[in-house]
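Grab a pencil and open the viewer. Below are a few exercises, each with a solution worked out step by step.

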Amino acid sequence: MKIAIIGTGISGLSIGQMLKDHHNVTLLENKPKIGGLIKCERINDCLFHKVGGHVFNTKNPRVFDWFWSFFNQEEEFIRATRNAKIYLRGQVIGYPIENFLYKLDSELVEKIIEELISISKQQYQQPFDYSNFEAFLIGNFGETLYKLYFEPYNQKIWQTDLKEVAMEWLEGKLPMPNFNEIIRHNILRETEGTMVHSTFYYPKNEGSQFIVNRLSNGLDIRHSYQITEMDINHQITINNDLKFDKLIFTGDIRNLPAAVDELLVNKGFDLNTLKSLKSNGTSNLFCETDDTKISWLYIPENFTKAHRIIYTGNFSPSNNRGSARKTCVVEFSGFVPYEVMVAELSL
């Protein structure tokens with residue numbers, strides 16, 4: 001078949017590679033550069049992850065094998081150990097927070113332990129037995145830990161009442177406490193080791209842009225391609241020029257081409273539901289920083305609008321090629337004006 005794929009982020013490129021050996025595939029990208037949310041740029045020869053610091057990991061063997069069929073793991077990637085921290089009440093403590101309770105004030109720890117013991121004695125509830133994200137966090141971590149960390153940090157990121165966050169949306173993303181692990185970590189002072197991100201693979205050069213560039217090999221990609229017209233009848237016609245049997249859309253689903261909107265309406269789909277889906281973009285500043293061993297630093301408190309610093313300069317030495325110092329990305333949720341972000345750095 002002739003297949004059009006709209007978007008050249010990680011999804012579009014991966015789907016293109018999966019289909020190209022059996023079909024005639026064309027990828028359409030409205031930007032001059034491929035990569036979508038994981039594209040990178042070099043600024044003064046230092047690598048800037050435009051939207052966060054993206055790394056590869058998976059516990060799915062099929063995904064693992066498929067991904068590494070494109071790369072030489074030993075020669076092209078660095079296997080790094082995650083060193084995530086939380087900046088809370090004037091000190092840097094380990095992540096996840098429940099494994100580093102010994103760093104907190106004794107009075108606070110006493111309350112948290114009391115609540116965790118009480119929770120552990122209750123009948124276990126499946127994550128989706130809870131009505132919303134707030135109920136899940138309180139039910140699994142207790143009111144004190146929720147108020148101290150989970151509520152302020154998650155509200156910073158999502159900028160919405162956590163009661164409004166549906167559990168269905170959180171499948172595969174939930175922080176699940178393990179009481180045996182919490183006790184062991186706090187007594188033995190162990191670092192994280194079983195979390196999905198405890199280790200990760202990162203390209204030696206060009207970061208996630210290296211991944212998208214490699215996944216683009218052998219694909220027919222049209223850059224800076226603006227779709228002005230689309231007709232969907234027996235065949236899909238784009239701009240009265242390109243004709244396809246199938247269309248795959250990997251962009252923001254709220255911005256589907258008008259012809260697809262019309263098709264959905266004709267099929268009885270409620271378009272208002274689709275268009276009202278919520279999201280928060282990120283506003284990021286690329287910075288130089290003092291030397292540190294941290295990879296991610298989470299900032300739950302509201303003394304600054306920034307919610308996270310990603311020390312991408314620690315992921316690979318080549319990321320700092322143009323500077324004598326390390327580099328990092330300071331991340332803000334939603335649209336934050338440049339001048340405001342700069343002022344926030346002093347905090």
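Two strands count as paired if DSSP finds at least two bridges between them. Keep in mind that this is a predicted model.

**Exercise 1. Work out how β10, β11 and β12 are arranged in their sheet.**

Step 1: Start with one pair. Strand β11, residues 236–238, runs antiparallel to β12, and three bridges join them. With a cut-off of at least two bridges, β11 and β12 pair over three bridges.

Step 2: Pick out a facing residue. Across from I238 sits L242 of β12.

Step 3: Put the strands in order. The sheet is open, has three strands and reads β10-β11-β12, with antiparallel pairing. β10 (230–232) and β12 (242–244) each have a single partner strand, so they are the edges, and one side of each has no neighbour in the sheet. From one strand to the next, the twist averages 15°.

**Exercise 2. Classify the aromatic pairs W68 with F77 and F200 with F315, and say where their residues sit.**

Step 1: Get the total. There are 27 aromatic pairs in the structure.

Step 2: Check the geometry of W68 and F77. Their centres are 4.8 Å apart and their planes make 80°. Since planes over 60 degrees apart count as edge-to-face, that is the label for W68 and F77.

Step 3: Do likewise for F200 and F315. Here it's 5.3 Å centre to centre and 70° between the planes, again edge-to-face. F200 belongs to strand β8 (residues 199–203), while F315 is in the loop between β16 (308–310) and β17 (326–333), so this pair ties together parts 115 residues apart in sequence.

Step 4: Look at burial, where the cut-off is under 20% relative accessible area. W68 is buried because its relative accessibility is 11%, and F77 is buried because its value is 4%. F200 and F315 are both buried too.

Step 5: Widen the view. Ring pairs connect F56, F64, F67, W68, F71, F77, Y201 and F210 into a cluster.

**Exercise 3. Compare the settings of the salt bridges K20 with D21, E134 with K163 and R308 with E331.**

Step 1: Recall the idea. Side chains of opposite charge can pair when their charged atoms come close. The count of salt bridges here is 15.

Step 2: Take K20 and D21, at 3.3 Å from N to O. K20 is partly exposed because its relative accessibility is 28%, and D21 is exposed because its value is 61%.

Step 3: Move to E134 and K163, at 3.5 Å from N to O. This pair links distant parts of the chain, 29 residues apart: E134 is in helix α5 (residues 133–141) and K163 in the loop between α6 (143–158) and α7. E134 is buried at 14% relative accessible area, whereas K163 is partly exposed at 46%.

Step 4: Finish with R308 and E331, at 2.5 Å from N to O. R308 is in strand β16 and E331 in strand β17, so the bridge ties together parts 23 residues apart in sequence. Both R308 and E331 are buried.

Step 5: Add the network. R42, D45, E206 and R321 are joined into one by salt bridges that share partners.

**Exercise 4. Find the residues that make the nonpolar surface patch of about 320 Å².**

Step 1: Name them. The patch is made by I183, I187 and L188.

Step 2: Place one of them. L188 is in helix α7, residues 179–188, and counts as exposed because its relative accessibility is 52%.

Terms used. Residues numbered from 1 in each chain as written. Heavy atoms only, no water. Patch = residues over 30% accessible without salt bridge, like charges linked within 9 Å, V, L, I, M, F, W, Y side chains within 5 Å. Areas by Shrake-Rupley, 256 points an atom, 1.4 Å probe, with all protein chains shown as cover. Salt bridge = Lys/Arg side-chain N within 4 Å of Asp/Glu carboxyl O. Helix = DSSP H or I, 4+ residues; strand = E, 2+ residues; numbered from the N terminus. Buried < 20%, exposed > 50% of the residue type's maximum accessible area, 1.4 Å probe, protein only. Axes fitted to C-alpha atoms, helices over the stretch in contact; angles between N-to-C directions. Phe/Tyr/Trp six-rings, centres within 6.5 Å; stacked < 30°, edge-to-face > 60°.
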